[in-house]
Amino acid sequence: MNRLIFVLGISLLPGLAMGQATVEGVLMDSVENVVLGYASVALYAQQDDVLVTGTITSGEGYFNITGIKPGEYYLIAQFLGYNRKIIGNIDLANNERLNLGTIVISPNQKLLDEIEVTGEKMTAIHKVDRQVFEAEKFQSSMGGTATDVLRNLPSVNVNALGEITARGSSGFVVMINGKPLQADAQAILNQIPANAVKNVELITAPSAKYDPEGKGGMINIIMDKSATDGTYVQVNTRGGFPSIQDYDNADYAQRYGADLTINHHSGKWDISFGASYLRNDISGRREGDVFTVIQDTLTRLPSDGERSFDEVNYSGRFTVDYTPNPKNNFSLGFFAGERSKDRTADILYFDNHAIVDGERLYPLQYFNENLRIRRGDFVLGSFDYSHFFENGSKLYTSFLYEYTMLGGPTTNRNIGFPNTDLIYQDEFNTNDNPLHGVRWQVDYQSKPFSFGTIEAGYQYRNLDHTGDFVYERRNNETGVFELVPEFSSNVDLVRQIHSVYGVLTGSIGRLGYGAGLRIEVMDRELDLADRQGTLDTTYFYDFVEPYPTANLEYRVNEGLSFKAAYSRRVERTTTFKMNPFPEREHSETLEQGDPELLPEFIDLVELGVVKGFGDNSLFANVYFRNVENLVNRVNTVFNDSILNRIYSNVGRGRSIGLEMGAEIRPFPWWQIFAGGNVYHYEIDGTFDDRPVNTNSWIYSINANTTFDLSSSFSIQWTLNYLSDRNTAQGEDSRFFSPNLALRKTFLDDRLATTLQWLNMDMGLLDTNEQRITTAREGEFFTTTNYVYEVDMILLNLSYTINKSKNKTKFIKSEFGEKEF
């Protein structure tokens with residue numbers, strides 16, 4: 001690298017000595033008010049129209065043409081799918097440095113129409129700091145939610161319990177159109193209709209200008225909207241056929257829904273409205289076995305029964321963008337939704353018994369009725385303002401308010417079997433966890449300098465997350481439910497964060513670079529009280545932490561580039577994981593947290609290469625991630641028939657891995673998109689004064705292949721596979737899900753029908769099931785196999801009016817332009 005910089009520096013000296021001039025500026029989209037990276041800029045002689053020199057804009061839209069002889073010129077800026085922009089009367093003198101400021105170009109709708117007829121979009125685009133995926137390419141997710149889209153991304157996995165991980169980590173930040181959320185990511189992703197998602201950006205090593213939260217990086221959901229004048233309308237409906245297998249569940253699963261998106265773009269105004277409703281039930285069962293050892297007594301609880309979900313989501317969203325002129329943009333946004341997910345676990349404990357000195361004692365058969373209702377309601381409101389200066393600099397400010405209500409009741413009844421009139425235990429616990437979040441920030445991006453662009457900003461975040469946990473047990477003699485104080489509490493978590501950052505980005509020839517530093521000051525206060533007023537304790541934790549970042553990209557040629565990145569990040573603790581009062585999840589399990597739980601600190605290094613050739617592309621990334629203060633859920637024995645799950649800092653976790661992906665088109669009618677991730681994961685630490693040392697190789701595959709049988713009919717087969725993976729005390733088994741989708745369009749692509757066969761099994765595979773096993777020598781062993789519904793058939797209909805023709809480029813995320 002030093003040689004490259006030296007050679008480039010020497011090559012510039014003669015031009016400087018001869019008094020040559022420089023022209024610079026920034027290229028911007030007139031509709032979206034975002035910069036255009038990798039566009040063409042050419043300089044022509046005014047006298048004879050001869051091309052003198054030219055360049056390509058950087059990823060930030062900046063161009064810098066040096067070594068120009070004094071004279072008169074004109075400049076042409078152009079980008080595929082846009083009208084070219086001509087700037088004339090450029091009169092350059094000796095040693096002059098002319099800054100043309102912001103050059104705005106507009107989309108060419110006629111050209112875009114022609115390109116849509118003949119061209120085909122790529123599933124993924126690779127940029128220096130992110131991977132961008134086209135949501136509509138994943139046909140098996142249509143009619144579902146944003147979670148169904150994510151499960152198709154390389155290195156992203158969704159297991160049998162619906163838990164989302166990126167590169168094996170469940171900690172990541174979710175954003176909607178560049179605005180980060182402080183609430184439960186999984187709850188909100190399940191309320192965003194898949195048909196309303198335009199792109200998904202996976203950012204594994206964000207720079208210092210982004211919030212450092214999330215050990216898995218960031219996932220940015222870009223909502224669909226039109227990019228040209230006119231009114232865009234899309235209506236989607238979804239219906240599920242009756243279940244092929246009901247798993248002896250008490251109620252039949254219901255699956256249906258609809259969503260609507262309307263966008264009107266006219267001149268200075270861009271107005272969008274959307275609404276959705278989704279009923280998405282899943283049938284299933286649970287097979288389990290538990291051993292506990294207390295002194296000389298071994299107790300065993302084998303079980304089998306229903307484990308199903310009834311889920312209802314509905315949401316609405318509304319945004320208004322106003323651009324009075326190219327220099328100013330105002331944006332007002334609103335997004336709200338409600339979610340209810342009822343988990344039924346009616347389990348028969350068919351051979352509960354103890355063994356003492358080899359003798360079988362206390363045999364008991366009982367039935368556990370367990371219903372857990374969880375809410376995930378939220379309201380988001382935001383206001384943004386951007387100002388673009390003549391010299392190419394930019395000022396941005398944003399305010400966001402977020403309210404989320406999490407929680408819900410759980411009922412737990414142990415009754416006789418087959419005599420269900422006999423009640424052994426009847427318990428009720430509930431929790432309400434309202435969250436209030438405020439984020440305000442101001443950011444400045446400088447004009448382009450010869451060495452690059454400087455960005456700086458300040459951000460304030462305030463989180464107030466309370467929890468009201470009530471646990472009651474029925475007195476079998478009086479029939480009255482009485483408070484259980486050791487399981488009931490009030491929790492209030494307040495976290496304030498002040499942060500400042502500075503980032504430098506630029507390029508030297510084919511080498512692009514970026515470096516930044518973010519300083520964060522955090523104050524955390526956890527107030528913990530019981531419901532009887534006998535305990536009121538406050539736990540304080542604060543820090544001042546630096547978060548340095550760096551990235552490099554070297555473009556060998558148009559189709560080959562190498563990149564490297566480093567990022568330091570943090571995974572913050574939640575109220576639930578810090579509440580030391582146990583909560584009863586079901587008959588054999590309690591869950592509790594640690595009020596002094598420390599945040600995880602993460603160091604990530606990655607090296608990557610991207611190779612494109614025609615309609616094909618390959619990519620590979622090698623990464624290393626070190627996590628200090630690793631948080632894991634571990635088990636202890638509460639009594640002979642109940643395990644206590646505890647969230648604790650167990651030590652350090654390390655991952656070293658390789659992710660690879662390919663998009664290949666062997667024939668015009670056949671496309672393959674596949675991604676895989678393999679890594680070695682090691683946990684090294686202690687819990688309860690005993691060592692925790694586990695390690696294993698883990699791999700995952702997300703792949704699909706599409707056959708275009710005609711211009712209006714296609715078939716897509718998808719496979720999502722996750723191997724066995726180690727935990728602090730055991731192992732989660734492999735999980736996989738194959739899917740098939742048939743798509744047919746009518747009425748010039750305005751009407752689309754998609755028939756889906758999800759979780760293909762046919763009685764031949766162990767699709768959509770996962771076994772979770774934990775153990776501690778001499779204390780307990782537990783294994784649970786979750787078996788969920790397979791061979792689900794659904795039909796989706798989508799009708800679009802004035803379908804957007806902007807098919808040559810991805811709509812840029814506000815994340816890169818506005819966030820932090």
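Rings of Phe, Tyr and Trp (its six-membered ring) pair if their centres lie within 6.5 Å; planes under 30 degrees apart count as stacked, over 60 as edge-to-face and the rest as tilted. The exercises below apply this rule to a predicted model.

**Exercise 1.** State how many aromatic pairs the rule yields, and classify the pair Tyr349 and Tyr366.

*Solution.* The count comes to 26 aromatic pairs. For Tyr349 and Tyr366, the distance is 4.9 Å centre to centre, within the 6.5 Å limit. The angle between the planes is 10 degrees, under the limit of 30, and the pair is stacked. Tyr349 belongs to strand 22 (residues 328-356) and Tyr366 to strand 23 (residues 359-388), 17 residues apart. Both Tyr349 and Tyr366 are buried.

**Exercise 2.** Classify the pair Phe543 and Phe601, and determine whether each residue is buried or exposed.

*Solution.* The ring centres of Phe543 and Phe601 are 5.7 Å apart. Their planes stand at 70 degrees, so the pair is edge-to-face. Because Phe543 lies in strand 30 (residues 536-557) and Phe601 in strand 34 (residues 600-613), the pair ties together parts 58 residues apart in sequence. Buried means under 20% relative accessible area. Phe543, at 9%, therefore counts as buried, and Phe601, at 10%, is buried as well.

**Exercise 3.** Identify which lysines lie over the rings of Phe309 and Phe746.

*Solution.* Over the ring of Phe309 sits the charged end of Lys341, 4.7 Å from the ring centre. Over the face of Phe746 lies Lys744, at 5.5 Å from the ring centre.

Technical notes: Residues numbered from 1 in each chain as written. Predicted model: local features only at pLDDT ≥ 70, side-chain atom pairs only at ≥ 80, totals over all residues. Heavy atoms only, no water. Helix = DSSP H or I, 4+ residues; strand = E, 2+ residues; numbered from the N terminus. Buried < 20%, exposed > 50% of the residue type's maximum accessible area, 1.4 Å probe, protein only. Lys NZ or Arg CZ within 6 Å of the ring centre and 35° of its normal.
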